[in-house]
Amino acid sequence: MLNGLEASAALAALEWQYEMGVDEAISETPINRYEQPQALPKMGASSNIKAVAMPKALPVQESAPEVARLMAARCNDLDALRNAIGVFDHCALKKGARNLVFGDGNPAARVMIIGEAPGRDEDLQGLPFVGRAGQLLDKMFAAIGLSRRGETPEDALYITNVMPWRPPQNRDPSHDEIAMMMPFLERHIALVKPDILVLMGNTACSAVLGKKGITRLRGHWTEAFGKPVLPMFHPAALLRDGLKKRDAWADLLALKSKLDG
Ligand code: URA
């Protein structure tokens with residue numbers, strides 16, 4: 001427990017780091033450098049203790065996906081689900097994130113978009129797809145008359161991500177991280193009840209369909225959770241390679257005709 005003086009010094013140090021442009025933790029779990037090191041047994045010639053390399057990430061508790069499943073099952077609305085994710089402490093990404101990024105848009109929308117994970121802007125604002133890729137996503141869907149600010153199910157979008165916390169250095173979420181958060185995503189979909197799911201990029205495809213290879217998957221309607229699913233290129237991929245925009249436009253038209261049909 002910090003006393004008043006230590007707390008204000010810690011806060012001042014944090015503010016200073018923020019001023020200096022520090023915007024993420026280097027390691028995934030915070031280290032208390034003031035903690036007294038525990039006495040280690042001596043490793044002399046007679047010792048049979050071997051030096052072992054520390055694993056990079058904390059091992060995932062086997063029960064984490066099961067805990068998530070039990071917690072998600074109890075949530076009867078989106079507020080309850082947001083709160084449940086907020087108190088779920090098994091995912092190390094939470095410790096390095098500024099904000100939980102839950103979802104945005106109109107939950108009555110016919111179309112639910114699933115992205116990968118928050119980036120820097122999303123982590124700062126606590127909303128999905130608000131950075132450059134998000135602005136492109138908004139423009140793409142506006143071209144077929146859909147927006148997260150749409151007021152009717154027909155012209156609205158609802159947006160979430162596979163992961164609600166930003167991974168450090170925007171790395172891909174690991175298999176274990178995805179597995180433990182999947183029950184929350186499934187419940188999210190069940191509560192929003194969209195007519196159609198759009199999967200943005202490989203992480204969303206591997207989480208929902210168990211498959212990667214977005215270049216092959218995109219544009220091909222498939223099914224998950226009893227709903228039609230359309231995989232598309234992630235807008236960040238379109239920013240890197242403008243030639244992919246033609247395929248993305250074809251996919252948007254396919255989505256529009258499915259909605260109209
Ligand atoms: N990329 C994503 O997949 N999701 C976001 O929220 C932002 C960028």
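1. Let's start with the pair H188 and Y158: their side chains are joined by a polar contact of 2.8 Å. Please keep in mind that this is a predicted model, so the distance is a computed one, as are the other values below.

2. The surroundings of H188 are worth a look in your viewer. Leaving aside neighbours within four places in sequence, H188 touches L78, L81, F102, M112, Y158 and T160. Y158, the partner in the polar contact, is thus one of the residues on that list. Is H188 buried or exposed? Its relative accessibility is 2%, and because buried means under 20%, H188 counts as buried.

3. H188 sits in helix α7, which covers residues 175-192. Does the length of this helix make sense? What span should its 18 residues have? At 1.5 Å a residue the expected value is 26 Å, and the C-alpha atoms at the two ends are 25 Å apart, so the two agree.

4. That agreement does not tell the whole story of α7, as there is a kink to inspect. The helix bends by about 40° at M182, shortly before the proline P183. Both M182 and P183 are among the buried residues of α7.

5. For the rest of the helix, the buried set also includes E177, I178, M180 and M181. Further along come F184, L185, H188, I189, L191 and V192, which are buried too. After α7 comes K193, and its phi is positive, near 55°. You may like to check that residue on your own backbone plot.

6. Now the ligand. Which residues are around it? They are G115, E116, A117, E122, P128, F129, N161 and H234. Three of these have polar atoms whose distances to the ligand I can give you. A backbone N or O atom of A117 is 3.1 Å from a ligand nitrogen. F129 places a polar backbone atom 2.8 Å from an oxygen atom of the ligand. In the case of H234, a polar side-chain atom lies 2.8 Å from a ligand oxygen. On its own the ligand has 230 Å² of accessible area, and the protein covers 91% of that.

7. Finally, some overall figures for your notes. The protein contains 11 helices and six strands. It has 261 residues, and 40% of them count as buried. Among contacts between residues at least 6 apart in sequence, 71% link residues at least 24 apart. The exposed area is about 15400 Å², with 54% supplied by carbon and sulfur atoms.

How values were computed: Residues numbered from 1 in each chain as written. Predicted model: local features only at pLDDT ≥ 70, side-chain atom pairs only at ≥ 80, totals over all residues. Heavy atoms only, no water. Helix = DSSP H or I, 4+ residues; strand = E, 2+ residues; numbered from the N terminus. Expected span 1.5 Å × (residues − 1). Bend = angle between axes of the 7 residues up to and from the residue. Buried < 20%, exposed > 50% of the residue type's maximum accessible area, 1.4 Å probe, protein only. Near = heavy atom within 4 Å. Polar contact = N/O pair within 3.5 Å; in protein donor to acceptor, adjacent residues only side chain to side chain. Areas by Shrake-Rupley, 256 points an atom, 1.4 Å probe, with all protein chains shown as cover. Contact = heavy atoms within 4.5 Å.
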